[in-house]
Amino acid sequence: NQDLIYVASKCEVVTQFRNTIGLKGHLSTRLQPNHPTDDVLGISASILDGLMYGNGDAVIGINPATDNLHNLSELLKLLDHVIQEYQIPTQSCVLTHISSGIQLAEKNVPIDLMFQSIAGTQLANEGFGISLDLIQEGYDATLSLKRGTIGQNVMYFETGQGSALSSNAHHGVDQQTLETRAYAVARKYNPLLVNTVVGFIGPEYLFNGKQIIRAGLEDHFCGKLLGVPMGCDICYTNHADADQNDMDVLLTLFGAAGINFIMGIPGSDDVMLNYQTTSFHDALYLRQLLGLKPAPEFSAWLEQQGIFKQQNSQICWADHMPDQFSRLLMN
């Protein structure tokens with residue numbers, strides 16, 4: 001494990017859209033405000049909660065509960081309104097299938113990042129309903145919107161060991177090799193973000209906490225060697241032989257390894273996807289432990305808004321919630 005950590009820590013993969021992600025000495029987070037019914041108030045409350053903890057510089061990204069174009073459009077407009085209203089130097093994403101994303105882009109719906117889950121064999125990707133040509137179409141459609149302010153890395157990919165095996169599309173090849181092949185797919189489209197969802201598929205593929213930790217370190221190491229901006233959803237399902245202590249260990253190891261970003265979910269329990277991952281507090285822990293800061297532009301915004309100021313490992317909090325945000329709680 002120490003080789004995977006040490007070598008990865010030497011690899012810096014930097015990407016940009018509205019801020020700069022992946023610089024050494026920085027740790028970004030995806031603010032994941034999922035809701036089981038896509039309720040706007042519930043999502044908004046989670047966004048506010050996450051921002052107050054300094055989360056959301058990698059992306060504010062929703063897994064939609066309902067995958068129709070009208071609902072997706074409304075969620076994207078909500079995220080765009082929040083980002084524009086408060087001038088937050090970050091980007092948004094609704095994690096729908098790329099075919100839906102292309103249709104929304106054609107309607108000029110405000111899409112910052114185009115999302116797709118990908119795998120390491122053609123057969124597995126066909127199981128996801130995608131091809132390299134379709135990903136290229138989504139990439140081109142998102143670039144055409146020209147929404148980035150300091151960069152045009154517009155793709156967001158998720159991967160995970162076992163995806164090809166679970167769909168019987170592995171051709172007898174081990175799941176780590178196929179996971180690495182997925183990173184080669186991602187690299188072709190200059191993504192802003194790529195993350196392995198390391199323990200999500202379940203114990204059929206990664207049995208316990210020890211295997212999840214090893215797989216996470218392998219994925220980050222291989223991604224960084226390939227020049228991919230790697231993050232990780234540090235997670236497990238309830239039927240795996242793992243618990244939150246295992247996730248704390250992997251989180252800390254990733255901090256030492258220089259991971260680009262992790263997830264931030266209220267209370268570490270995703271009430272829509274029904275799995276356990278990292279909380280808003282976990283990012284604060286790692287930032288204070290190792291002196292890691294959010295993306296520079298986002299860090300400056302946090303200080304400007306009066307949320308908090310960070311000096312090395314010391315976070316200085318405001319005495320009260322900034323007025324522009326506390327007013328939201330009165331409405």
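In which helix does Asp-140 lie? In this predicted model, Asp-140 is found in helix 6, and the residue is partly exposed, because its relative accessible area of 40% falls between the limits set for buried and exposed residues. Asp-140 does not stand alone on the surface, for it gathers with Glu-106, Asp-133 and Glu-137 in a patch of negative charge. Helix 6, which covers residues 132-145, supplies three residues of this patch, and this is the largest share.

A patch of another kind is formed by Tyr-6, Val-7 and Leu-225, which make up a nonpolar area on the surface with about 300 Å² of accessible area together. Of these residues, Leu-225 belongs to helix 9, which runs over residues 209-225.

Strand 8, in contrast to these surface patches, is largely enclosed by the rest of the structure, because five of the five residues between positions 193 and 197 are buried. In a regular strand the side chains alternate between the two faces of the sheet. In strand 8, Leu-193, Asn-195 and Val-197 point one way, while Val-194 and Thr-196 point the other way, and all of them are buried. Strand 8 also has paired neighbours. With strand 7, made of residues 155-159, strand 8 pairs in the parallel sense over four bridges, and in this pairing Tyr-156 stands opposite Leu-193. With strand 9, made of residues 230-233, strand 8 again pairs in the parallel sense over four bridges, and here Thr-196 stands opposite Cys-232.

Attention then turns to contacts between charged side chains. A search of the whole structure finds seven salt bridges, and one of them joins the side chains of Arg-30 and Glu-158 at 3.5 Å, taken from N to O. Arg-30 lies in strand 3, residues 28-31, and Glu-158 lies in strand 7, so this pair ties together parts that are 128 residues apart in sequence. Arg-30 and Glu-158 are both buried. A salt bridge also links the side chains of Asp-57 and Arg-287, with an N to O distance of 3.6 Å. Because Asp-57 lies in the loop between helix 2 (40-52) and strand 4 (59-62), whereas Arg-287 lies in helix 11 (residues 280-290), the pair ties together parts that are 230 residues apart in sequence. Here too both partners, Asp-57 and Arg-287, are buried.

Within helix 9, the side chains of Glu-218 and Arg-214 meet in a salt bridge at 3.1 Å, N to O. These two residues are separated by about one helical turn, because they are four residues apart in the helix. Glu-218 counts as buried, since its relative accessibility is 18% and the cut-off for a buried residue is under 20%, whereas Arg-214, with a relative accessible area of 36%, is partly exposed. Elsewhere, salt bridges that share partners join Arg-18, Asp-80, Asp-112 and Arg-147 into one network.

Finally, Cys-316 is located in strand 14, which spans residues 314-317. With a relative accessible area of 41%, Cys-316 is partly exposed. Cys-316 and Glu-303 are 13 residues apart in sequence, and their C-alpha atoms are 9.6 Å apart in space.

Technical notes. Residues are numbered from 1 along each chain as its sequence is written. This is a predicted model: local features need pLDDT of at least 70, side-chain atom pairs count only at pLDDT 80 or more; totals for chains, interfaces and linings use all residues. Side-chain values use heavy atoms; hydrogens and water are left out. Patches are made of residues with over 30% relative accessible area and no salt bridge: like charges are joined within 9 Å, nonpolar side chains (Val, Leu, Ile, Met, Phe, Trp, Tyr) within 5 Å. Accessible areas come from the Shrake-Rupley method with a 1.4 Å probe; for residues, only the protein chains shown count as cover. A salt bridge is a side-chain nitrogen of Lys or Arg within 4 Å of a carboxyl oxygen of Asp or Glu. Lys and Arg count as positive and Asp and Glu as negative; His and the chain ends are not counted. The place of a charge is taken as NZ of Lys, CZ of Arg, CG of Asp or CD of Glu. Buried means under 20% relative accessible area, exposed over 50%, partly exposed in between (1.4 Å probe, protein chains only). Two strands pair if DSSP finds at least two bridges between them.
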